[in-house]
Structures are given as structure tokens and as C-alpha cells.
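Hi everyone, thanks for having me. I'd like to walk you through one protein model today, so have a look at the screen.

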Amino acid sequence: MGAAYEYLIKEFADTAGRKGGEFYTPRAVVRMMVELLRPQQGMRIYDPCVGSGGMLVHAKEYVEEHGGDSSDMFFAGQDANSGSWVMATMNMVLHGVRRFDLRIGDTLAEPAHVPASDADRFDGVLSNPPFSMDYTLGDLAHAAQRTTYGVTSERGKADLMFLQHMLWQTRREGHGGTAITVMPHGVLFRGGGEQEIRTKLLDEGAIEAVIGLAPNLFHGTGIPACVLVLRPPRGRSAAEEKPVLFINAGREYRKEPAQNVLLPEHAEKITSTFHARAEVPGFSRLVTREELRENADNLSIRRYVDNTPLPEPQDVRAHLVGGVPRAEIEAKKELLDAYGVVLSDLFAERDLADPKYVDFLPEGRRPDAARLADLARPREDELRAAFGEWWDEQARQLAETAPEHPADLTSSERRAALMALRGSLIDSFVERLGEVGLLDRYALAGAVAAWWHEVKYDLQAVSENGFAGTLDGWVENVDTLLAPEQDLMTRQLRKRSGAERRQAYQHKVVAAIAPEFLEELAAADARDAELGESWAELRAETEAPEGGAAEGDDAAAHEEAALRAERPTVLATLKRERQKAAKAAKRLEAAFWFPWPSDPPRAGEKPPGLFRARAALDAEGERRAVTETLRKGLEDRLDALVRERRQELLRSYESWWAKYGLSFREIEQQLTGTAESTFASNPWSQQSAWDLMADRASMMDDRDVVAGLVHLLIDAEKSVEGELAKLDVDELMLLLPLVDSGASGRTQRCPLREVVRSARTGGVHRLGDRSGVLVVRAADLTDRELTLPGPRSERAGLSSRIRRGDEMLSPEDVLLAAADAGGRTFRAAVWRDRQAQATHGGSVIRLRPDTSRLTADYLAAWLMLPAVQKRIHAVARSVDSLHVVHPSRLLDVDIELPGRAEQEVFAQGLAALTGERRVRSAQLAKLHRVKETLMNNLTQSGRE
């Protein structure tokens, strides 16, 4: 009941917008704060801004999860909002909290829990007070005791007044208590009274840690917040001053549409770093009191722990004359060493005269994505082998959580054993897999923490009911998901829909005990979908108007007529086959589940496949089914980390290739044909200028010279842009004579459907699994020709829905996509790649020309003509919001069709222009990059 109530509170907060932040703190943040506190049984816990009571409830649950008894704990809280008090009271009752005292009232003006002695104070204070609230100093009760560190402005600066109240409520004697609170970042660096309070808190050693969180984690505000961990002053001497731990967790989150989310792996990294007081580069650092004093007690987190990614290094000399700086490769040493990749696997050494640079390997030996994956595979296989060995060892511990006689252990003992197991699993996982050196300890610990969060209720079921009871519970869940449910409106039983049944089959127990059923059902569904697509495509062709064959081509006309005559028969056959496939899938589902036992029972009735699969398992089979299911969950998380790590390797090499794969000297050679003319072909390319730009020290010596070079680069950019514009005109002049029917006696006009074999949109609208198939989307149609130069990565979306061969792109396919939302302008490109396996996204139309009559180059160029694009918009626009052009209507657009020989001549001329355009574009990009590098260097020299 308590969990259900918390779920409803969350849903209410999600829909309440800014108001939601007044009573609800995201539970992931609450849990992280509780784990920072580590409450124990017998403690007194307090929240001065209690909201819905989540902080108190999670403190209780933490103690119980660790085998403690929460019955002797005391919980107190206060809130000015009576509605929040009602929610918090209900939350406490539904979670079985026995001893609590919640009050209504203004915590600053009328504190309800006034400590008469230290015994009345609290061992732990957890709170998320309202940010930047007004208060009235004159109304502050017990002001002398609660303003010992100072006062702040009354207007919008109550944050540190709440903090002082929390310290007032925190125990000082014995081990002392701990206050952990959420605060806006402003309290860390603002001056005035807030600075004076910070100084006194630091002087007395009250601040233990400052933890920066990601933006947009909280309801009602998108600004990043921080968590302060404080302990009451203990009268430390200067020699005993502990440094303050700064943790910058601003990048620890998962981005979601409405709100960022703190995941268990992020919380694990924060809490483990805090308790170990560890220093992690770019994440955490211990800062001495002396250093804080030197910075005027400014606690801005980035001042001490800057996690801003370093800018991509740019080497001017490598841009100009080629090569890859060895220094950039050395900077990736940790990544390369993790995979055991050496420099010679990726690059070729230069002679001793130029030791600071290396070259890319020759074309045949240059690594692509497949080669990089091969280089990464040995270390990845080693990691997976280590995981297998680790799991085999730890599976015995998992088995021990399922006692033969559950009554021998109390509920508290079972929970304590589970939490001890969690710690043991994290430690051993980090130690064993960390030996491989591929993933760091925080990634490994986070994987186990996230997995544990996902399966903890399953593990609790194992500890209480054993493997058999856990399996029975899973099967019962599937049975409930498949059984008819009562319609709330009609009160009648309603059968589950196909989508609901498929969702039930995704339950982990189905894959564990009935994998054959899932395989057979997937095959039947695939067959049904394939037949459905074939039937729909053939029906569309049958309903389309007849296309005329070329004049005088009687054989083609007879062939088309014969095909049309056969189509009704083929359609009928496809329809029958499709019905058979659908019935086969239904028979599989009907055999897998039906209401059982029947009402009334039938003699000799066999149970459905779900229950037969469950009954077929003996004790060993039950153990194996549960442990393998648990293993798969952790293995999937490890695989995700491995894929991301491999992508890091691939992105590094791609970055080097994108920057230095084509030097400016090579570009100039392609344009001029000789290396000697390289420097003479541009006004800024004198040898002295190149030498100067290649030597950063010289650049810093004379900024005026560098500024002059930047001016020349700007002029060169404009010159290249002009050359690109001229190429567009030249292409137009090549095309216009062919589309002018009056100028060429062989130019005809006919519908596209006569010269285009098919036109279809892609079937990929969202990311699917990693099938290794590149998806070309509308944004990719930036060049007239599409290939995958350089390393082939998995940067594009990948589809799990690709079943048919004709959904794959073939060389000479033409791709068309709208360039604006209204579908008035378009981009077209020819697919040239003969190696990559690729398909196209749902917003892209693939046209497959009849190459005996129409070349791909001519079609793509013709589609880009403004007059043609107006024609397409008028004839082929669709009412479908996804596809602004309807493929079938597109084939009704008339095309000016010159003879095949004229098209070939056009293609040859276009190839020359396209080649020059590609080189000019690379030239422009390189000029821009060199210019930006020089500007950045000048800016940095100015700071120095």
C-alpha cells in the first residue's frame, strides 16, 4: 500500500508542474541522500520541510533493507502546507511507521520541535527546503540559537536560514548527527551575509561535502541544485581541520523528455565516492581550508572540480601538410591501452626526421569499424570470460539466499543477508572485471547497482519463497496479464488485445521456461508481416493506372499486359497464405495460454503450454531458470557498457580521420594537379605563412602577423564559396539543354512511373536494436552522392524491422526528402555505396530508376530543379503528416526524358563537377577549421 501511495504522489507531482516541487522530491535523489546518511535503527530522523514525507519513509526503509528494526526509530517533520501534512501523514501510516510526530506550521517563524537538550535533537536531518524564499527576521523564533553563523537578506535568501535551523536540530554530543540538505547553487558563491555564514561554517568545520547535481532533476525548477552535507561543530583545532569534499555530479543523469533522471548507477558513484572520500579526476576533490580561504570562501563547485569536456585539439601543421600529431594519440593512451591497441595498428610511423607526427595507414590497411571491432574483440572477450567465471562463483551465493527452510531465518535476517550480498557482489565484480582493464570501477559498480535496483524484488522473493516460489510468482503474473479483465464501463470480461498479449510474452519468465514458443511465434509473425507487405504492394501496383511502354516497344507492352493479367491470381494466393500464417500464430497463442482449469473442469484436460513448461522443471531446473534470468539482466548491462566503450575507440579514430584524413596540401594538389603549385594557387599560401602557422610559438610571438593570416583566410573562404556557387551554375547549364524539349529533338515527356521501377518510403521511424544496418535519414541528404567514406561507424539509427531485401538500398538508388516542413523544397541524392548494408528512414523516399532508360544522376539533378520541385508539390503532396510526398502520386509527375546517350554525357560532366565540388567543400571546411584554430590560439594567448 505504501509503495502504491508513493506512486500516486509521484504521478500527482508530474502533472502538478511547478506546484509538484513544493511537496515532492524525486525518489532517486531522496534515496541518494539517505545513502549518504546511512541511518541505523534507534536513530531520530527529522525533516523541517517534510512535504510528502519521502525523506523519512526512505530512511525507515533503508534501515529495514539492511536488516535493522525500525520500530525504535523516531521520525519528526514540519510543513507550512496543511495539504502536504496530510499526504505525509498518510505516507507514514501506509508505510507502517509507528513513532512519528508531524506538525503544521512555518518552520522558521514557529518551529514545532524545539530541543530542550541535546537528547531532543536528531541523529539525521534530511530536507529539500523551498529555494530562495522570503522570510522576516523579526518573526524568527529562537533567533539567538538559530543565527549563530549570521543572517541573510530577508528577500529571497532564506536558504541558509533553513540550513542553520537544521544544524540547530542536529545532535552535537557523542558521535554527533548529520544534516543533509538540497540547496540552490547561489548559496555557494553569493556575497554579503551568505558569504559570512559560509566563512563561519568553514571555520568551525561544519561543512563536510558539497555535491553538485545535474540540472532539471527537480519538479518546478530546471536549475541545477547541490547537496550539502554538514555536521555540527566539534571544536576542532586548525591541525585537525578536515578538507571539504567537492563532488561535481553535474553530468551524472539520463536525459528524458520532461525531466532528467538520476539513475542508480549515478547515485552509486556519488555515494561511494563520498564515503571513501576519494579524489577522482574531473569528478571529486578534497579541498583544504587554506585553499578555500584563498578563494574568499567561494564554494562554487567548478572552481575546484571542473568537469567541462576539453576542447577538441586542432593541430594547424597537420591540417596544412598532413599527418596525425603523436601528442593527440598519447592523450588517448588510457583508451588504447585498455584495448591493447598499439600505434602500428592504426597508423604508420614516419622517419626519424619528423618524430612528432605519424601517418594514416594506406587505403587497403586503414581500419574501418569492422577492423576496429576486431582489434577490440580480444579484450572484450576477455571481459566476458571474466564475467562468466565471476557469475559462476557468485551464483552459489545467490543460491544460498534461497534457504531450504525459510522459517529458519527472520525477515530482518533475510534482508540483512541480501544487502550484504549486494555489497559483496559490487566489490567482487569491480575487483574481478577491473583486472581486465577495459572498464573503470565506477562503470562496473554502477552496472551492478542498476541491475540490483531492477531485480531487488525478485531477489527478495527468492530469499523468502525460494526458486520455486519465485517462478510460480512470475508465472502467475503472466497468467494475470493474459487472463480477460473486467471492463470498467460495461462490467463485462474483455479479452486481451494482441498488443497486450505480446507485452505479456515479453515477461522474463516466458523466455526462461518457454523459449521455443517465442521463437515459433516470432517466425509466424514475420511470415504474416512479409506476406502482408507483399500483398499490399502488389495491390497498390494493380490499382495504379497503366504505364505506357516506350513507343514502338510491342514486346514490353505485351509483357506488362501479361503481368497485369496474372496479378489477381497472385493476390488471391497471397491472401490465402496470409490467412494461413495468421491462423498459425493464433494456434500457437491458443495452445500457450487459455483459462485453466476450465469452469466447470473437464476430464482429462491438459494444462496450457505456460503451465506445462513450468511443471516440467525440477528443482535444478527452477534454480537454473531463475539464476540465468538474473544473469541475463546483468550481462545486458555489461554489454551496453562494452558497446559504449568500443564506440569511444571508434569515435576517437573517426575524429582523427575527420580532422587530418585530408590535408590542405592534398586538397590543393587535387585542385591544381601538382604539389609545386600548391603555394602559388592561393594568395595566403606563401611558404612563410605555412611555416608560421605550423609553429605555434611563432604565432604567439607576433599576433599582428597571425591576425593578418586570419584576414587572408577569410578572403580565401569567400573565394572558395564563390567557386562553389559557380559550380552550381555550371551544373545547371549542363542540365537545362536536356530538359528543354524544344532544344533537343530526342527529349520526351512522360510520367515517372514509366521510367522508375518503384518508389517507396522507408519503414524505419525509431531506433531499434543493433542490427548493423545503416539508416539514411532526411538530414543525411547533404551531398548529391551518398557513400560512407572513412571508418564505417554505427552512428546512424539501426532498425529491427528490416525483413525484406527490397528495403535495402542498392547502388544507383535515388533518395528524395523534403528540406522544409511544408514540402515545397527537396533534397535528392544518389546512393553509391556498394559495401555498406543500408536502408532509409520513414521521411525518405527511395526511387529505383529503370537504368535502361533513366540514369540516376540525371534523375537526381532533375529532381533538384526549382520548377520540378513546384511540380512535385502540386501533384504529389500528401495529407500524411509523416510523408509530405506520397510515393504513388510522385510517380504521376511528368519528367523531361532525353535520350540515354545524352544522359550519359551529362553524367560524365556532372561527375567532374561533383568531384570538384567535393574537393572545394573539403577546402572550405579546412579553411574554416584552420581559421577557428588560429582565432582560439590568439584568444588563449591574450589570456596568458
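Let's start inside. Helix 6 (159-168), helix 7 (186-189), helix 8 (193-203) and strand 7 (225-230) each give at least two residues to the lining of the second largest cavity. Keep in mind that this is a predicted model.

So which residues line that second largest cavity? They are L160, L163, V187, L188, R198, L201, I207, L228, L230 and L299. Sort them by class and you get nine nonpolar residues, one charged and no polar ones. The volume of this second largest cavity is about 60 Å³. And how many cavities of 30 Å³ or more turn up in the whole structure? The search finds five.

Okay, zooming out. The protein chain has 944 residues, and 46% of them count as buried. Along the chain you'll find 32 helices and 23 strands. Now take the contacts between residues at least 6 apart in sequence: 75% of those join residues at least 24 apart. As for the outside, the chain exposes about 45800 Å², with carbon and sulfur atoms supplying 51% of that.

One last residue to look at: E628, which sits in helix 24 (residues 619-660). Is E628 buried, exposed or partly exposed? Its relative accessible area is 40%, so E628 counts as partly exposed, since that class runs between the 20% and 50% cut-offs. Now find W391 as well. E628 and W391 are 237 residues apart along the chain, and their C-alpha atoms are separated by 9.9 Å.

That's my tour, thanks for listening!

Note on methods
Residues numbered from 1 in each chain as written. Predicted model: local features only at pLDDT ≥ 70, side-chain atom pairs only at ≥ 80, totals over all residues. Heavy atoms only, no water. Helix = DSSP H or I, 4+ residues; strand = E, 2+ residues; numbered from the N terminus. Buried < 20%, exposed > 50% of the residue type's maximum accessible area, 1.4 Å probe, protein only. Contact = heavy atoms within 4.5 Å. Areas by Shrake-Rupley, 256 points an atom, 1.4 Å probe, with all protein chains shown as cover. 1 Å grid on protein atoms, 1.4 Å probe; cavity = no way out; pocket = protein on both sides within 12 Å on 5 of 7 lines; lining within 4 Å. Points joined across faces, edges and corners; volume = space filled by probe spheres on them. Nonpolar A, V, L, I, M, F, W, Y, C, P; charged D, E, K, R; others polar.
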